[in-house]
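This report describes contacts between side chains, beginning with charged pairs and then turning to aromatic rings. The reader is invited to follow each pair in the structure shown below.

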Amino acid sequence: METAMAETPQKRQVVFLAILLCVWEAGSEAIRYSIAEETEGSSLVANLAKDLGLRVGELATRGARIHYTGHRQLLQLDVKTGNVFLHEKLDREGLCRATEPCLLPFQLLLENPVQIFQADLQVTDINDHSPEFPEKEMLLKIPESAQPGTVFPLKAAQDIDIGSNTIHSYTVNPSSNFHVVTLNDEDSRKYPELVLDKALDREEEPELSLILTAVDGGAPPRSGTTTVRIEVVDINDNAPEFLQSLYEVQVPENSPLNSLVVAVTARDLDAGTYGTVTYALFQGDEVTLPFVIDQVTGEIRLKRALDFEAKQHYNLQIAATDSGGFSGKCTVAIEVVDVNDNAPELTMSTLIPSTPENSPESVIAIFSVSDADSGANGETVCSIPDDVPFLLKPTFKNFYTLVTAGPLDRERRAEYNVTIAVWDLGSPRLHTQRSVTVQVSDVNDNAPAFSHSAYTLLVRENNSPGLQLGRVSASDADAGANAQLSYSLLPARDPRLPLAALVSIDADSGRLFALRALDYEALRAFEFGVRATDRGAPALSSQARVRVEVLDDNDHAPFVLHPLQNASAPCTELLPRAAAPGQLVSKVVAVDGDAGQNAWLSFRLLRATEPGLFGVGAHSGEVRTARLLSERDAARQRLVVLVQDHGAPPRSASATLHVLLVDGFSQPYLPRPEAPAPARAQAAALTVSLAVALAAVSSLFLAALLALAALRLCRRRGPAWRGRCALPEGASAGPLLDGVGGGAGSLAQGGRYQVRLAGGSGAADFSFLQPTLPSLLLQDAAAKESPNCGENVVFG
């Protein structure tokens, strides 16, 4: 049952092909054109469009072309005019040999829609070949006893033309002894026979020479000649006779070389040398014939391979000649038997290697199959594999169309390799196959698909502009431009959101960038859409949602709400001295603009007038007494509380509290708190500046006094002392004054100075002391002992 089901589609295909061929042959006739051989190439043959009733422009739009059986191009078609021209000069003998009529079939193929017209080109013969004899000279041995009227066969000439252009008659030059008659053989070929008109006399004329002429029937006629040399021999009164006048034999075309075809036998009743018979091929060109005969045995053997497709029949004329010159003849009819030695041929007329996907039916190829064998050996069947989405449709005679069985999907499979197999019905069966590669071209039938329908991107606030936030990615199952994607932003859901100022997207890669620094406290998250569009025609697109969440950064320090730190007069808390431990004094209230642990605040006491008197709640910020108050505790207490968040790194702020200890809330006078620390620091800096200025003025004054005392001393010693004390040429008093403390601002060594800064009074005291007398006396003594006082003067 399974075998019958498997063979059903093939049987239906054969039946459909047979029905289609019958319908075509019954309803259409081939157009036949005739042209003489040797017509020059590019000559006009006919106008196919006019003869087939087609419009001229229809040939070009429908993809018209000419198909031949075989691989030789004979004609060329001008699709613009419909004219058919010869592609090259035709030789009838080379194309058809002796076949008459010489028909060259061709087909006109129209691809869109598929339509086929059959036509034949008949090549008519012209008289372009002269008759040719197989030999330039023929030898006849005729006994002198031959009687008038005796017939002597002659070898016929060959003329490859056909019809009236082939050999018409034979003649010889005038002779009193012979004349020639022209006869027809079984194939209607004309051959000559020499007839003896007058008895020969060897002693009178032992040898004669005749010119045999073969004339064809062309216009003008052509002719060929050969020489017939006749030797007159002694009497031989018996001619050889064959056992059969006709030998019929069949030879397979694949017979091996030198194989025996047939053996002919002739007998001669004479004795001696006149009874010895030799055999020879009498008619036909021994050079072109595929047979050879043994002169002694009469065996005909195959000397060249036979080809049924080239020639199916051979008629051989065999002559048996004795030594006396008498001969007899017989005919050997050889029929070449066809064997299945030719595989089917597949000729591809049209091949479209690419077809678009989603097309309901597309023509992929138009081809024809043929087999040079005959009978069942030449019958063919065509098939393709069952696992491909294609069909074979027979169209006309041996033409097939390969079409798609339905819409193809490139994304499922982009390429098919279809093997077309052609089998003949001979034994053994031969086949030919041809592989056709079909590319499925892409159609934009797939929209881009994002890897995720929604994306969540995280970014820390205070980012740098141009920072890449992330990337969206989409893919397209199509190919080429249909798979090239471009990304773009969709408007935000909130129309108040300035999306164009916040983010941008790279159209090619899908990368998202921040256009400016984001602030968590101003915008914690925002959403927008992204579209991916391919570059097909028409373009397809898809969308995805993107949510950007801003992560908090610790960029805000805690801010103290209570007590106020920017007030002109600080707030003072009153605390009775009778307060118990744990008494609530005040509460530091602070906030942080960050979120999460960046906004978690902790409190601790940084500085206090009395370190152990107060405590601060680490999480509440409440300031409470840590012990009982005593009379020794200062009336004014100053507390500095540090407020710190839990960020990385942490940020902090400080709050200053002023607490006044009172005996009771009825005390009428509350002393003013001391000046703040910045005022005291400013006063101290002013005191230091005044002290430096006073020291500089005192140094200049002391240097001037010392210089004046030295000049007076030189004047008292006289001129000699003044010369020694005089300064060298080019020198000035500058170095001296510098040494005394002038230019460099440093004080002289001999002076004593005391600077006292009174921190409590807010002013600075500066005391200037006179130089000591022992120092001046030592200087004077050194000047008296030294002859040159200028070199040994030492101050201090």
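## Salt bridges and aromatic pairs

In this predicted model, a salt bridge joins the side chains of Arg229 and Glu207, with an N to O distance of 3.7 Å. Arg229 belongs to strand S14 (residues 223-233) and Glu207 to strand S13 (residues 207-216), so this pair ties together parts that are 22 residues apart in sequence. Glu207 has a relative accessible area of 41% and is therefore partly exposed. The two residues also take part in a wider arrangement: Glu137, Glu207, Arg229 and Glu231 are linked in a network of salt bridges.

A further salt bridge is formed by Glu361 and Lys393, whose closest N and O atoms are 3.2 Å apart. Glu361 is found in the loop between strand S25 (354-356) and S26, while Lys393 is part of strand S28 (residues 390-394); the pair therefore ties together parts that are 32 residues apart in sequence. Glu361 is partly exposed, at 47% relative accessibility, and Lys393 is also partly exposed, with a relative accessible area of 33%.

The side chains of Arg62 and Glu58 meet in a salt bridge as well, at 2.7 Å from N to O. Here both residues, Arg62 and Glu58, are buried. In total, the count comes to 22 salt bridges.

The aromatic residues are considered next. A pair of aromatic rings is described by the distance of the centres and the angle of the planes. Searching the whole structure gives nine aromatic pairs. The table presents two of the pairs.

| Aromatic pair | Arrangement | Centre to centre | Angle between planes |
|---|---|---|---|
| Phe367 and Tyr400 | stacked | 5.7 Å | 15° |
| Phe526 and Phe528 | stacked | 6.1 Å | 25° |

Which strands hold Phe367 and Tyr400? Phe367 lies in strand S26 (residues 363-370) and Tyr400 in strand S29 (residues 399-404), so the pair ties together parts that are 33 residues apart in sequence. Phe367 has 0% relative accessibility and therefore counts as buried. Tyr400, at 3% relative accessibility, counts as buried too.

Are Phe526 and Phe528 buried or exposed? Both Phe526 and Phe528 are buried.

Aromatic residues may also be grouped beyond a single pair. Phe450, Tyr455 and Tyr487 form one aromatic cluster.

How values were computed
Residues are numbered from 1 along each chain as its sequence is written. This is a predicted model: local features need pLDDT of at least 70, side-chain atom pairs count only at pLDDT 80 or more; totals for chains, interfaces and linings use all residues. Side-chain values use heavy atoms; hydrogens and water are left out. Rings of Phe, Tyr and Trp (its six-membered ring) pair if their centres lie within 6.5 Å; planes under 30 degrees apart count as stacked, over 60 as edge-to-face and the rest as tilted. Helices (H or I, at least four residues) and strands (E, at least two) are DSSP runs, numbered from the N terminus. Buried means under 20% relative accessible area, exposed over 50%, partly exposed in between (1.4 Å probe, protein chains only). A salt bridge is a side-chain nitrogen of Lys or Arg within 4 Å of a carboxyl oxygen of Asp or Glu.
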